[in-house]
Amino acid sequence: MTSHDVIQEQAPVMGLDARYFNDRDVFERTMDEVFYKSWLLACHSSQVSKPGDYLTLSIYDQDVIVANDKDEGIRAFYNVCQHRGHKLAQGSGNRKLLVCPYHAWSYDLKGQLRGAPHANKVPGFDASKICLTRIRVENFLGFIFINLDPEAKTMDETFPGIREEIMTLCPDVEERKYAYHHTADEGCNWFVAVENYNECYHCGHCHPSFAKGVIDPATYNIAPYGDLQVLHHTSLPPQNQDSWYDTSGADYGSFFFWPASSIQFYPGGVVNSFSWRPLEVDDVRVFRTFYSNDGAVDETLQTVIDNDRDTTFQEDLDIVKQVQRGINSRGYVPGPLVVNPEGGINNELPVMKLHEWLRAAVD
Ligand code: FES
Ligand SMILES: [Fe+2]
């Protein structure tokens with residue numbers, strides 16, 4: 001009996017009930033059990049390359065600072081003042097000290113309290129004991145990942161072999177620098193967006209430009225990487241005259257790191273990434289970032305950015321909003337997934353995997 005027969009004899013794998021996409025309790029549990037315990041792509045090292053550089057970001061209700069300390073390099077902290085809790089830093093910039101907007105307590109980029117106006121009159125006040133709360137941070141091939149779980153395994157322990165796999169596909173990945181990013185609030189639950197990113201069953205129908213211009217549909221595949229919580233997207237470059245740019249030199253590949261980050265390589269070594277950060281149960285902000293060797297956007301990269309934003313990215317935005325509305329409908333009934341054990345582009349096997357990972361964490 002072939003694996004194909006097994007699938008046919010069994011009932012198909014079904015989609016998930018609406019609550020996984022629209023229930024506040026499931027969402028809150030997902031934040032606690034998944035997002036606050038996983039490695040998440042925060043930024044690129046080139047965005048905080050100089051001592052004093054810092055930037056801020058939010059994972060749902062948790063505000064974070066990534067900063068470059070002159071002695072210790074790139075660090076991450078919760079973005080909360082250790083006096084009475086005001087948000088400490090806004091936006092991004094370069095500072096020796098971060099000064100709280102409320103009572104002007106100031107911290108260096110090690111997170112150490114350096115100044116607290118009038119506190120010298122307080123008996124027993126010891127500034128040396130007051131520090132911002134640190135967050136785990138790692139530089140993974142130039143990409144800065146954070147993990148709010150102090151007990152988390154390292155990136156390499158969590159995703160063994162992926163560093164080497166990426167280096168094989170793009171040997172000079174560590175030379176890339178941040179060049180450009182744009183964002184969108186997608187108007188859907190984070191999981192709708194992540195499911196959509198990780199299947200290409202809709203590509204032929206919804207992304208004709210991508211399917212001709214970036215990948216070769218006949219060789220496209222998305223599969224779990226061993227038993228890791230990684231989905232590995234692979235394809236040869238387009239085998240036609242319609243590619244967006246000169247795609248020779250390296251294949252297409254993407255590495256989706258559960259739950260919400262992807263480092264992606266368009267053919268020819270065009271490095272880009274996705275990071276999804278939940279805003280609410282029914283909204284997620286996606287960060288779409290592009291990289292180049294000198295941090296500039298050359299003509300080829302501009303073509304990729306424009307084509308992607310105007311076609312694939314916009315097409316997916318329209319899809320995920322419609323799906324969220326549909327899942328909220330009283331008429332929503334989860335349907336069978338199109339799981340093909342032989343792989344290929346028309347395959348929802350990666351969606352089945354995502355469902356397993358989510359349910360293992362929150363059920
Ligand atoms: S809350 Fe930051 S100085 Fe008071
Ligand atoms: Fe898509």
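In this predicted model, the meeting of the two domains is a good place to start: 22 residues of domain 1 are in contact with 20 residues of domain 2. On the domain 1 side, four elements each supply at least two of the residues that touch domain 2, namely α5 (162-169), β11 (177-185), β15 (261-266) and β16 (270-280). Strand β16 gives the most to this side, with four residues. Sorted by class, the side of domain 1 that touches domain 2 has 11 nonpolar, five polar and six charged residues.

To place this contact within the chain, it helps to see how the protein is divided. Domain 1 is made of two stretches, 1-38 and 160-363, while domain 2 covers 40-158. The centres of domain 1 and domain 2, taken over C-alpha atoms, are separated by 30 Å.

A second contact worth following is one between two helices. Two packed helices are described by the angle between their axes and the distance between the axes. Helix α6 (residues 190-197) packs against helix α9 (residues 299-328) at an angle of about 130°, and their axes lie 10 Å apart. Because angles from 65 to 115 degrees count as roughly perpendicular and those over 145 as roughly antiparallel, this angle makes α6 oblique to α9. The crossing of α6 past α9 is right-handed. From α6, the contact is made by Val-192, Ala-193 and Asn-196, and from α9 by Asp-316, Ile-319, Val-320, Val-323 and Gln-324. By class, five of the residues in the contact of α6 with α9 are nonpolar, two are polar and one is charged.

Notes:
Residues are numbered from 1 along each chain as its sequence is written. Chains are lettered from A and ligands numbered from 1 in the order in which they are written. This is a predicted model: local features need pLDDT of at least 70, side-chain atom pairs count only at pLDDT 80 or more; totals for chains, interfaces and linings use all residues. Domain bounds come from an automatic or database domain assignment. Two residues are in contact if their C-beta atoms, placed from the backbone, lie within 7 Å. Ala, Val, Leu, Ile, Met, Phe, Trp, Tyr, Cys and Pro count as nonpolar, Asp, Glu, Lys and Arg as charged, and the others, Gly among them, as polar. Axes are lines fitted to C-alpha atoms, for helices over the stretch in contact, and angles run from 0 to 180 degrees between N-to-C directions. Angles under 35 degrees count as roughly parallel, over 145 as roughly antiparallel, 65 to 115 as roughly perpendicular and the rest as oblique. A crossing is left-handed if the near helix is turned anticlockwise from the far one by less than a right angle, and right-handed if clockwise.
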